[in-house]
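Student: I should like a close look at one part of this model, followed by a connected account of how other parts relate to it in kind. Please begin with the loop asked about below.

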Amino acid sequence: MLRDIFGQAWEAMLYNRRRTAITMIGMAWGIATVVLLLAYGAGFTRAIEAIFAQWGTNIIGTFPGRTSEQAGGEKSGAKVRFTIDDVDRISAAVPGINHISPIAFKDVVVQNDLHSYTWTINGVRSVFQDIWNLDTDAGRFFNGQEEQQRAHVCVIGSEAKTKLFSGGWAIGETIRLNGVLFTIVGVLSPKMQEGGDGNDRNRQIYIPFSTMSDLTDTKYLGGIWFNYTGNYQLAEQNLRATLGAAHKFRPTDHNAIYVANLMTQLHQFSILSLALQVLLSLVGALTLGIAGIGLMNIMLVAVQQRTREIGVEKALGAQRLHILTQFLSEAMVITGVGGLSGIGLAYLISVLVGRIPFYSEIATHAEDADIRLLISPTSVVVATGILIVTGLVSGMIPAIRAANLDPIEALRYE
């Protein structure tokens with residue numbers, strides 16, 4: 001019985017080839033739109049994650065400021081200053097810390113025999129490489145022994161190497177930082193960087209924190225960075241409470257210290273990405289709905305044209321369920337073939353489009369953070385679900401109308 005019903009539906013589709021083909025094209029375009037919009041949303045999310053992934057996400061940095069609230073008898077406006085003792089306090093009080101490093105920075109004159117520039121020098125501990133995910137393109141990062149020995153070694157950014165040595169070999173060469181000789185032991189891999197001024201991270205230079213005292217006073221720190229495992233909100237709360245108790249300011253005073261919590265920023269961007277994907281899904285569903293309206297109209301026309309045929313089938317004993325299944329199956333076949341074609345079209349477009357410029361338009365070395373149309377199994381399943389619902393709704397209404405036709409009136413229809 002079902003074979004006969006589906007056979008009749010297939011014959012009806014072949015009889016109206018042009019109408020069926022146009023309807024299938026509409027469904028294919030609708031499902032392709034849904035898949036591509038979801039793929040764009042996924043590509044946007046991956047691009048944002050790639051921007052954060054270059055540094056790492058479970059990272060927190062804190063920098064001194066001025067109090068804006070009275071606390072413990074202290075007036076507001078007091079300047080907060082970090083010392084090396086604060087590093088130990090944070091390490092003991094904040095759970096889940098993996099690595100922690102003080103940082104002192106200063107803009108100094110960087111020279112070799114041919115060039116002279118003013119760049120930022122960062123005095124850090126050797127674990128700073130793990131905190132900030134600083135990969136070396138050549139050589140290595142300085143180690144703990146060199147830090148203890150106050151060695152005059154440095155690691156330079158990729159752009160600094162290009163500027164100083166015109167792309168030549170840099171490992172083992174010496175440069176002068178504020179007139180003090182340092183030996184280059186490593187060159188960092190390029191990082192994504194907006195703009196090209198002197199604060200470009202690819203031009204910065206890293207030296208042991210102990211050696212930084214040869215260039216500037218390190219009694220008071222420029223800041224403290226650490227990476228951790230666990231809840232990012234709890235880590236920041238413990239950080240503020242610890243430093244607040246040590247420096248006599250309220251933990252709620254966000255001007256006393258500045259906290260750069262990368263997970264907080266990533267969470268905010270994740271919410272925006274999710275909102276974008278929901279919006280794109282709605283737009284795609286509406287587009288597919290328009291194609292569904294076209295399918296419904298075509299099926300209603302088919303019911304009207306085949307009214308006498310339906311009357312004959314009912315006169316010969318066909319039940320309402322048989323008529324309903326016949327027209328619904330025809331609508332679902334059109335939907336299925338159109339859907340498969342649309343998914344294939346979406347894959348083809350995603351391959352042809354390739355990389356869509358995004359972050360690379362405003363940053364260097366940022367091709368990994370451009371948008372690519374990522375068609376995931378999840379997006380295909382979501383789009384298929386929307387397609388099935390659209391096909392059922394669009395096909396059910398004409399099928400019910402056909403099934404409810406009175407056989408006598410249908411046989412009289414001209």
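Between which two strands is the loop that holds Asn-178 found?

Tutor: Asn-178 is found in the loop that joins strand S6 (174-177) to strand S7 (180-188). The model is a predicted one, and its mean pLDDT is 83, with 86% of the residues at 70 or more. Among the elements, strand S9 (residues 205-208) has the highest mean pLDDT, 96, whereas helix H12 (residues 407-412) has the lowest, 56.

The backbone of Asn-178 deserves attention: its phi is near 55°, a positive value in a residue other than glycine. Most residues other than glycine have a negative phi. Asn-178 counts as partly exposed because its relative accessibility is 41%, a value between the limits of 20% and 50%.

A second asparagine invites comparison. Asn-133, also not a glycine, has a positive phi of about 55°. Asn-133 lies in the loop between helix H4 (128-131) and strand S4 (136-139). With 30% relative accessibility, Asn-133 is partly exposed.

On the other side of H4, Arg-125 occupies the loop that runs from strand S3 (116-124) to that helix. Arg-125 is partly exposed, at a relative accessible area of 23%. The C-alpha atom of Arg-125 is 5.5 Å from that of Ser-101, although 24 residues separate the two along the chain.

A positive phi also appears just after helix H7, where Lys-248 takes a value of about 60°. Helix H7 itself covers residues 232-247, 16 in number, and spans 22 Å from first to last C-alpha, close to the 22 Å expected at 1.5 Å a residue. At the start of H7, a side-chain oxygen of Asn-231 comes to within 2.9 Å of the backbone nitrogen of Gln-233. The buried residues of H7 are Tyr-232, Ala-235, Glu-236, Leu-239, Arg-240, Thr-242, Leu-243 and Gly-244. In an α-helix there are 3.6 residues a turn, so residues three or four places apart point the same way. The list for H7 includes such pairs as Ala-235 with Leu-239, and Glu-236 with Arg-240.

Helix H8 offers a view of the surface instead. Val-278 belongs to H8 (residues 262-305) and, together with Leu-274 and Leu-282, makes a nonpolar surface patch of about 290 Å². Val-278 can take part in the patch because its relative accessible area is 44%, which makes it partly exposed, and patch residues need over 30%.

Note on methods. Residues numbered from 1 in each chain as written. Predicted model: local features only at pLDDT ≥ 70, side-chain atom pairs only at ≥ 80, totals over all residues. Heavy atoms only, no water. Patch = residues over 30% accessible without salt bridge, like charges linked within 9 Å, V, L, I, M, F, W, Y side chains within 5 Å. Areas by Shrake-Rupley, 256 points an atom, 1.4 Å probe, with all protein chains shown as cover. Salt bridge = Lys/Arg side-chain N within 4 Å of Asp/Glu carboxyl O. Helix = DSSP H or I, 4+ residues; strand = E, 2+ residues; numbered from the N terminus. Buried < 20%, exposed > 50% of the residue type's maximum accessible area, 1.4 Å probe, protein only. Expected span 1.5 Å × (residues − 1). Polar contact = N/O pair within 3.5 Å; in protein donor to acceptor, adjacent residues only side chain to side chain. pLDDT = per-residue confidence, 0-100.
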